[in-house]
Amino acid sequence: MRSGLAEPFGIPMFDDGPDWRRDSLSEDGIGWIGAHGGAGASTLTRLLGGTDIGCRWPDPALAEPARVMVAGRTNHDGLRAVSRALHAMKEGRHPAGMRLLGVVLIADAPGRLPPPLLGRIRLLRSVAPVHRVPWIPSYRVGEEPKHPPRQLVRLSTLVGPRVEPRRQP
């Protein structure tokens with residue numbers, strides 16, 4: 001489609017451009033999937049880069065990353081949501097080509113977890129690699145900690161170099 005205006009040097013003034021729809025996930029970067037609202041996918045994206053996919057599977061039409069991590073909180077409901085996401089993957093209810101790198105569990109409160117929650121985490125570990133991020137008080141008030149926790153540093157080496165989020169066309 002063209003604008004009908006004069007086209008200097010034979011360059012169209014307006015062009016629809018290439019068809020941006022794709023049929024496969026991107027091999028670039030990492031996607032963060034929230035198993036539930038407030039899981040921490042946006043925070044992990046801000047801290048480690050990648051694409052915040054939200055509470056859904058990556059969309060091939062948007063060229064979202066094939067490599068993903070599922071994020072959840074360490075409370076009862078958060079761990080159940082992560083279990084449901086992993087069960088859906090086991091049943092094949094995810095896009096072709098999607099690869100789970102692991103699960104990131106973000107502490108929902110300071111202190112140790114009660115035994116029933118630790119038992120659920122052990123069960124999750126039998127299905128996928130699990131990475132735990134401790135309670136970080138400074139994040140609660142929008143500040144950066146003086147020293148990031150070692151668990152985040154380890155996680156950053158796993159997901160690779162910080163990449164900027166993919167822009168949707």
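These are my notes on what I looked up in a predicted model of one protein chain.

**Confidence.** I began with the pLDDT values. The mean over the protein chain is 85, and 82% of the residues reach 70 or more. I then looked for the weak stretches. Residues 1-20 stay under 50, and residues 163-169 are also below 50. I checked what these stretches touch in the model: residues 1-20 have 15 contacts beyond four places in sequence, while residues 163-169 have 14 contacts beyond near neighbours in sequence. I do not lean on those contacts, because predicted coordinates should not be read in detail where pLDDT is low.

**Secondary structure.** I listed five helices and five strands in the protein chain. Read from the N terminus, I get the order β-α-β-β-α-β-α-β-α-α. The listing thus opens with a strand and ends on two helices.

**Contacts and burial.** I took the contacts with a separation of 6 or more and asked what part is long-range. Residues 24 or more positions apart account for 70% of them in the protein chain. For burial, I find that 36% of the 169 residues count as buried. The exposed area of the protein chain is about 10,400 Å². I split that area by atom type and noted that carbon and sulfur atoms supply 55% of it.

**Rings.** How many aromatic pairs are there by the ring-centre rule? I count zero. I next searched for charges placed over rings, and recorded Arg46 over the face of Tyr139. The distance from the ring centre of Tyr139 is 5.7 Å, against a cut-off of 6 Å for CZ of Arg.

How values were computed. Residues are numbered from 1 along each chain as its sequence is written. This is a predicted model: local features need pLDDT of at least 70, side-chain atom pairs count only at pLDDT 80 or more; totals for chains, interfaces and linings use all residues. Side-chain values use heavy atoms; hydrogens and water are left out. Helices (H or I, at least four residues) and strands (E, at least two) are DSSP runs, numbered from the N terminus. Buried means under 20% relative accessible area, exposed over 50%, partly exposed in between (1.4 Å probe, protein chains only). Contact means heavy atoms within 4.5 Å. Accessible areas come from the Shrake-Rupley method with a 1.4 Å probe; for residues, only the protein chains shown count as cover. Rings of Phe, Tyr and Trp (its six-membered ring) pair if their centres lie within 6.5 Å; planes under 30 degrees apart count as stacked, over 60 as edge-to-face and the rest as tilted. A charge sits over a ring if NZ of Lys or CZ of Arg is within 6 Å of the ring centre and within 35 degrees of the ring normal. pLDDT is the predictor's confidence in each residue, from 0 to 100.
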